[in-house]
Protein chains: 2
Amino acid sequence: MTGYLVDPWTLRWDGLSIADLRRTESTFALSNGHIGLRGTLDEGEPRGLPGTYLNGFFERHALPYGESGYGYPEEGQTIVNVTDGKVIRLLVEDEPLDMRYGRAVEHHRELDFRTGTLRRFTEWESPTGRRVRVRSERLVSFTQRAVAAIHYEVEPLDDVQLVVQSDLLANEPIEHEVGDPRVAAALDAPLIGDFSAASEAKAVLVHHARNSGLRVAAAMDHEIEVTDNLRAGMESNGDLARYTVAADVGAGGRFTLTKYLGYGWSAQRSVPALRAQVEAAVAGARQTRFAGLVDEQRRFLDDFWAAADVTVDGDPELQQAVRFALFHLLQAGARGESRAIAGKGLTGPGYDGHAFWDTEIFVLPVLTYTVPDAARDALRWRHSTVDKAVERAGVLGQRGAAFPWRSIDGAECSAYWPAGTAAFHVSGDIAYAVAQYVAATDDREFEADHGTELLVQTARLWASLGHHDQHGGFRIDGVTGPDEYSAVMDNNTYTNLIAQRNLESAAQACERHPEVAGRLGVSGAEISAWRAAANRMVVPFDRLLGVHEQAEGFTSHAEWDFAGTSPDDYPLLLNRPYFDLYRKQVVKQADLVLAMQLRGDAFTPEQKAANFAYYEARTVRDSSLSAGTQAVLAAEVGLAQLAYDYVSEAAFTDLHDLHHNVHNGLHMASLAGAWTGIVAGFGGLRDHSGVEFAPRLPPGLDGLSFRLTYRGTRFRVRVAADSATYEVLSGPALETSHHGEPLRVEPGVPVTRSIPDPPAPPVVSQPTHRVPRRRVPGG
Amino acid sequence: MTGYLVDPWTLRWDGLSIADLRRTESTFALSNGHIGLRGTLDEGEPRGLPGTYLNGFFERHALPYGESGYGYPEEGQTIVNVTDGKVIRLLVEDEPLDMRYGRAVEHHRELDFRTGTLRRFTEWESPTGRRVRVRSERLVSFTQRAVAAIHYEVEPLDDVQLVVQSDLLANEPIEHEVGDPRVAAALDAPLIGDFSAASEAKAVLVHHARNSGLRVAAAMDHEIEVTDNLRAGMESNGDLARYTVAADVGAGGRFTLTKYLGYGWSAQRSVPALRAQVEAAVAGARQTRFAGLVDEQRRFLDDFWAAADVTVDGDPELQQAVRFALFHLLQAGARGESRAIAGKGLTGPGYDGHAFWDTEIFVLPVLTYTVPDAARDALRWRHSTVDKAVERAGVLGQRGAAFPWRSIDGAECSAYWPAGTAAFHVSGDIAYAVAQYVAATDDREFEADHGTELLVQTARLWASLGHHDQHGGFRIDGVTGPDEYSAVMDNNTYTNLIAQRNLESAAQACERHPEVAGRLGVSGAEISAWRAAANRMVVPFDRLLGVHEQAEGFTSHAEWDFAGTSPDDYPLLLNRPYFDLYRKQVVKQADLVLAMQLRGDAFTPEQKAANFAYYEARTVRDSSLSAGTQAVLAAEVGLAQLAYDYVSEAAFTDLHDLHHNVHNGLHMASLAGAWTGIVAGFGGLRDHSGVEFAPRLPPGLDGLSFRLTYRGTRFRVRVAADSATYEVLSGPALETSHHGEPLRVEPGVPVTRSIPDPPAPPVVSQPTHRVPRRRVPGG
């Protein structure tokens with residue numbers, strides 16, 4: 001039997017299922033935002049794709065072009081599988097434990113959202129009939145950022161000799177799914193050995209990446225809990241350090257090995273410095289001991305769930321999925337500390353390990369309202385790259401900062417210019433997240449030290465990109481919006497509205513921090529120009545159809561022939577040329593609909609209903625970024641069942657592998673979309689001005705609740721069929737609103753309000769073959 | 001002294017000037033449209049870039065992509081420097097004749113437009129003081145398509161031993177100016193030896209290209225006119241066949257060697273068959289002898305000039321340039337015979353030897369009215385690729401035929417999708433040339449066998465690409481027009497008007513050839529749909545400004561900051577990103593202005609004047625395709641001096657190396673633009689309905705004349721300051737018009753008409769730093 005077991009606090013997979021190994025290695029990945037370990041088996045094989053990642057550690061490679069162009073990035077960056085410390089091999093009387101051979105009497109893996117550990121249990125009978133039980137527990141510490149640890153226990157059911165080999169292995173051979181053979185070659189054995197040392201149960205390996213020059217160190221140390229007949233030895237050379245222990249263990253006895261791993265990397269630090277850093281990490285972990293690490297991990301997660309938990313009553317599978325989502329979002333961002341949160345977190349090599357705009361628009365809102373320090377750290381990473389973004393804007397002939405479409409270190413890595421030079425909304429998205437974070441936390445120190453500069457430099461980009469036309473409107477022409485089935489269009493509504501917010505936010509921040517504004521050279525005239533541009537921003541609207549245009553001219557474009565498109569033709573980008581996608585009314589992912597979520601203040605309820613229906617019929621959701629947003633707007637316009645369908649699609653994107661690519665890592669934005677669909681969809685969270693709610697349960701759910709933090713107040717919203725209850729858990733009173741009615745919630749005094757009838761929903765339909773699966777609780 | 005000497009019938013360069021060698025190898029190139037020989041020195045070195053090309057012979061290479069996409073071509077094609085037969089080395093008493101050493105007492109090369117030969121004269125003193133005179137004459141035969149020949153004569157001024165080595169050399173090492181190292185590697189030594197043979201004075205080498213598999217054979221044979229003390233020998237191995245002759249020649253004596261070259265290639269024929277073909281070609285040439293080849297060449301050109309000559313009185317340099325242009329256009333197209341006419345002809349490796357839309361829109365009109373059979377042959381080449389174009393349209397999700405942006409064999413080779421998948425005007429351009437050729441020749445056989453299918457398949461493309469919008473207009477969205485500083489726009493006026501003509505032409509051709517239409521499955525309903533689309537074609541017009549839009553929304557875009565753009569920033573595409581060029585009102589090359597030439601019937605005179613002024617101020621002419629077209633419209637709106645400036649710019653593009661890239665080959669479209677500027681600009685030729693003229697001399701010229709062929713009538717138009725004279729040279733009477741007044745010109749009865757006053761011209765200006773050089777006759 002294979003498949004995930006439904007449980008509110010764990011994700012468990014029984015049995016092996018080699019075909020599913022690679023995707024379960026992604027779902028079982030552990031990370032703290034700094035170190036990422038894919039959920040491979042301890043013994044290394046069978047395997048899907050091994051992966052050990054350090055946030056920000058990458059290799060460079062040339063980007064090839066059939067026809068080059070001005071401003072095309074010359075170098076790409078790719079996340080690297082660094083020195084693998086996960087491997088612990090077991091030989092039972094000279095027979096290697098390999099689950100492809102012999103017989104697994106029992107086997108399961110279990111990711112625990114409360115302990116933050118991955119447990120594995122296997123009872124295995126070797127081909128010659130010897131039985132062992134193997135239990136392991138693995139963690140990547142939230143509290144000790146440079147540390148991972150594995151507790152590995154073998155219980156033989158016969159008297160046997162056991163040999164355990166524990167490795168640090170660099171340049172592990174892996175397959176690269178990249179199109180260009182030169183890029184694949186650049187990633188083959190990318191690490192050059194700088195140093196290795198081993199003594200007793202400890203070893204350290206230091207390497208650097210061939211082209212990027214970034215240096216990585218990995219250290220391991222071991223504890224063994226077996227006393228008799230022990231023979232242990234360490235050897236190390238170049239790419240491999242191996243600790244070997246042999247012991248005779250009687251039936252029913254235990255052999256226990258604890259492995260402590262320390263990781264670090266640097267662009268500047270010397271070999272001795274890095275070595276010292278990882279050895280110190282391991283020494284600290286040993287001093288804490290494994291049980292201590294587990295305790296710390298549990299306490300960290302207890303606090304997280306107290307701040308962030310979401311409950312879903314009546315749909316256990318969705319309950320599991322949303323906790324899975326929150327857990328992985330925490331893992332991606334908890335200890336990133338001024339590094340990016342990549343599209344896949346640190347769960348796999350997908351998208352080359354790059355961070356995109358998804359982080360700011362989908363992931364950061366979750367963190368802002370649950371783990372605000374993690375959101376702050378991610379924005380500090382953006383701030384640390386502002387010089388590169390200013391330089392890039394200069395290359396593109398613009399003032400201000402143009403943040404990259406995709407990157408690891410902040411330099412543009414997109415070889416596709418309609419994204420890499422024209423998707424300027426990325427900069428507006430960053431500004432949006434800055435303003436959202438500052439509004440939600442009132443973190444004036446961040447605003448002064450980092451936020452204002454981000455807002456100013458991005459506002460300057462818009463002032464530079466746009467122009468006032470002959471009618472006085474402020475136009476932003478020739479840009480690529482969120483929908484990747486359109487590109488290089490004039491006046492993308494999303495982009496223009498996000499730019500409008502950006503310009504206003506920058507003006508406000510400069511007024512709150514005049515000394516910062518002065519340092520950045522912002523004059524009163526510049527602020528006035530921002531406000532003038534914001535006030536005159538063009539927002540294309542088709543009066544004939546009564547809907548907003550995704551971009552100017554969109555509604556005049558030809559309709560896509562959905563009836564003539566077969567289910568196998570999706571995702572369309574693999575089967576249709578760009579030019580044809582771009583010039584027709586086919587939408588990959590929420591764009592205008594996303595604008596209606598983020599800038600809901602710019603649309604009337606009637607426009608939202610009409611727009612939603614119009615774009616719903618043309619949106620194919622070939623992107624994992626879409627369903628969560630569609631859920632939010634579906635809920636707002638009164639389509640509660642459809643919202644539920646989309647929340648479920650977002651929530652199960654990875655667990656059900658809906659896009660057939662979970663083997664390359666989880667979709668952080670989709671995981672975030674599950675939360676957003678529940679909290680902003682069912683819960684109606686909006687933050688155009690403070691935090692406001694308009695909760696409404698979808699049919700079939702018995703209730704739900706979510707916990708948020710706003711300006712130091714932790715609170716919970718519980719939603720029942722007819723009413724919602726607001727309760728402050730800690731901190732000062734909360735000012736909010738319920739379905740438009742202002743509300744003040746004092747600590748210790750929960751407030752319950754009844755839920756009004758929903759609005760009359762518009763009639764909507766989706767493209768042929770793209771109707772979302774109807775969600776039935778537990779279905 | 002270096003530089004071209006001004007002469008009406010030759011192009012001559014005195015002196016060596018190594019820095020200019022590579023560009024003069026282009027201007028001195030010889031070709032018949034099948035074989036192309038760059039104008040290298042006989043002795044091979046010093047050299048710029050050697051080049052021997054066969055039309056249609058290419059090597060394949062992978063096209064690399066940093067990010068791939070659906071429909072991107074996987075393979076590129078590049079013209080190959082085939083077996084070089086031009087080399088004749090001379091040793092004077094063991095000292096190689098190398099003009100970098102010793103002293104050139106005199107040296108010049110001279111291309112003769114009437115004899116069709118390249119003559120070279122050198123008097124050289126060796127480093128040790130021995131003097132020789134070398135005279136050579138080289139031709140690529142217009143009459144014997146597979147033949148080139150070199151007459152080589154040495155006259156020693158001292159008694160010396162001469163050794164002459166005459167080579168056939170394959171895989172000559174050359175430098176590749178390609179960005180991608182893999183592509184360069186693929187072109188390094190691309191020929192694999194299949195066969196070589198040598199006997200007496202003859203040799204043959206057969207090779208095939210490594211990846212394309214195309215096979216090429218080259219043969220040589222020699223005649224020697226020296227009797228005493230001759231020692232001759234031939235050797236051949238693999239990539240080199242060498243004929244060596246040693247002779248003692250007294251002072252004032254002569255050593256003469258004639259080298260006959262035969263070339264052939266095939267995708268299918270066997271080694272023995274190709275060998276036989278080139279040996280037969282050489283045998284035929286030897287039988288004709290060199291003097292016979294020269295005679296045939298002269299007669300061929302006498303006939304050409306009788307049909308095509310253009311005279312310019314009062315500007316000798318322009319006179320030379322226009323004959324240079326006509327001569328090279330003839331060379332590019334004369335004997336192509338169902339092969340493409342490449343953008344550079346066969347004069348160099350520029351643009352990889354690809355053909356573009358330039359051929360149909362710029363080059364073919366010249367040939368249609370001067371050497372109509374060459375135009376027909378070039379269109380037959382397009383017809384031979386219609387299957388590939390239909391397949392390509394299918395890949396792009398369209399019906400009909402989508403001809404390639406760039407290709408050698410008809411398969412799309414563009415790695416840049418906004419050109420390679422969206423520049424659909426190419427197909428309309430081909431249809432335009434078909435209709436123009438048929439109208440000018442009344443060649444019904446071509447129309448039935450080739451033309452109608454081309455018109456039908458291209459009309460189907462437009463019917464598939466466009467759609468009727470809610471207002472009933474027929475829109476063609478998301479396409480790239482001629483201006484390469486715009487891309488993927490809605491309703492490009494040029495494209496829509498060329499599509500409109502295409503649809504009408506197809507309907508008419510089907511009505512004239514119902515049996516062909518039936519075979520192609522064209523129904524009455526399909527023809528009606530074409531006409532409906534043509535009748536409702538959207539042509540964007542800005543009522544506020546009173547000008548046509550190059551594409552929908554163009555006039556709302558931001559103006560380019562010309563004042564802030566330095567002269568060094570041109571061409572802008574090397575210094576500005578695509579996105580910024582595309583979204584602003586900056587025009588690389590005539591687009592709307594070209595529409596006003598080709599579809600002048602779709603604009604009023606007032607619109608032409610207003611449009612010309614509007615786009616003139618925004619056109620930077622970073623393309624060599626622009627000046628000729630601007631000349632035509634400048635002349636039409638009454639700006640005679642400006643037309644003269646632009647004619648001159650087009651005419652001197654190659655001779656003055658205005659784009660700094662003549663070293664890679666001549667610009668066929670610009671050479672054609674010189675003719676078009678004179679004939680359609682000063683002469684006012686239009687063919688929207690028959691042929692019509694509106695001649696008007698520019699200031700400073702004393703007169704001009706041009707010869708054309710229309711429906712079997714050869715005629716001449718002579719233009720003086722106040723009048724124009726129309727004279728039939730052969731064939732039936734000509735129906736035409738002069739400045740709108742109908743005119744019938746009977747054979748033997750020249751008709752003279754006075755020239756009316758020009759229209760009041762609009763006030764025009766060009767972008768800063770992009771004002772054309774003012775032409776002063778002889779200046």
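User: In which sense do strand β2 (residues 10-14) and strand β10 (residues 103-112) of chain B pair, and over how many bridges?

Analyst: They pair in the antiparallel sense, over 5 bridges. One spot to look at is W13(B), which stands opposite R109(B) in β10(B). As for the words, strands (DSSP runs of E, at least two residues) and helices (runs of H or I, at least four residues) are numbered from the N terminus. Two strands pair if DSSP finds at least two bridges between them. Before we go on: this is a predicted model, where local features need pLDDT of at least 70 and side-chain atom pairs count only at pLDDT 80 or more, while totals for chains, interfaces and linings use all residues. Residues are numbered from 1 along each chain as its sequence is written, and chains are lettered from A and ligands numbered from 1 in the order in which they are written.

User: Okay! Which strand is paired with β10(B) over 9 bridges?

Analyst: That's strand β11 (residues 117-125) of chain B, again in the antiparallel sense. A104(B) has W124(B) of β11(B) as its bridge partner. β10(B) and β11(B) make a hairpin with 4 residues between the strands, and G116(B) there has a positive phi near 70°.

User: What other hairpin can I look up, and which residue in its turn has a positive phi?

Analyst: Try β31(B) and β32(B): 2 residues lie between them, and H739(B) in the turn has a positive phi of about 45°. Strand β31 covers residues 734-738 and strand β32 covers residues 741-745 of chain B, paired in the antiparallel sense over 5 bridges. For one pair to find, go from L734(B) to V745(B), its bridge partner in β32(B).

User: How do I read the order of strands in a sheet, and which strands stand at the edges in chain B?

Analyst: You name the strands from one side across to the other. In chain B, 5 strands form an open sheet in the order β9-β8-β14-β19-β18, with antiparallel pairing. The edges are β9 (95-96) and β18 (231-237) of chain B; each has a single partner strand, so one side of each has no neighbour in the sheet. Further in, strand β8 (residues 88-92) and strand β14 (residues 160-169) of chain B pair in the antiparallel sense over 5 bridges, and V92(B) has L162(B) in β14(B) as its bridge partner.

User: What is the order of the open sheet of 3 strands?

Analyst: It runs β3-β4-β5 in chain B, with antiparallel pairing. Here β3 (30-31) and β5 (52-54) of chain B stand at the edges with a single partner strand each, so each has one side left without a neighbour in the sheet. β3(B) pairs with strand β4 (residues 35-37) of chain B over 2 bridges, in the antiparallel sense. L30(B) and L37(B) of β4(B) are bridge partners.

User: Now helices. At what angle do the axes of α7 and α10 of chain A cross?

Analyst: Two packed helices are described by the angle between their axes and the distance between the axes. Helix α7 (residues 386-395) and helix α10 (residues 444-465) of chain A have axes that come within 11 Å and cross at roughly 10°. That makes α7(A) roughly parallel to α10(A). Axes are lines fitted to C-alpha atoms, for helices over the stretch in contact, and angles run from 0 to 180 degrees between N-to-C directions. Angles under 35 degrees count as roughly parallel, over 145 as roughly antiparallel, 65 to 115 as roughly perpendicular and the rest as oblique.

User: Which residues of α7(A) meet α10(A)?

Analyst: V386(A), A389(A), V390(A) and A393(A) in α7(A) meet E453(A), L454(A), Q457(A) and L461(A) in α10(A). By class, this contact has 6 nonpolar, 1 polar and 1 charged residues. Contact means that C-beta atoms, placed from the backbone, lie within 7 Å. Nonpolar covers Ala, Val, Leu, Ile, Met, Phe, Trp, Tyr, Cys and Pro, charged covers Asp, Glu, Lys and Arg, and the others, Gly among them, are polar.

User: Last one: how is chain B related to chain A?

Analyst: Two copies of a chain are related by a rotation about an axis and a shift along it. Here a turn of 180° and a shift of 0.0 Å along the axis lay chain B on chain A with an RMSD of 0.0 Å. That is the relation of a two-fold axis. In chain B, Y65(B) has the C-alpha nearest the axis, 2.5 Å from it. The superposition is by least squares on the C-alpha atoms of residues with pLDDT of at least 70 in both copies.

User: And how many residues does the contact take from each chain?

Analyst: It takes 43 residues from chain B and 43 residues from chain A. On chain B's side, helix α14 (residues 578-582) gives the most, with 4 residues. That side divides into 18 nonpolar, 15 polar and 10 charged residues. Also, 100% of the interface residues of chain B are interface residues in chain A too, so the copies meet through the same surface.

Note on methods. Contact = placed C-beta atoms within 7 Å.
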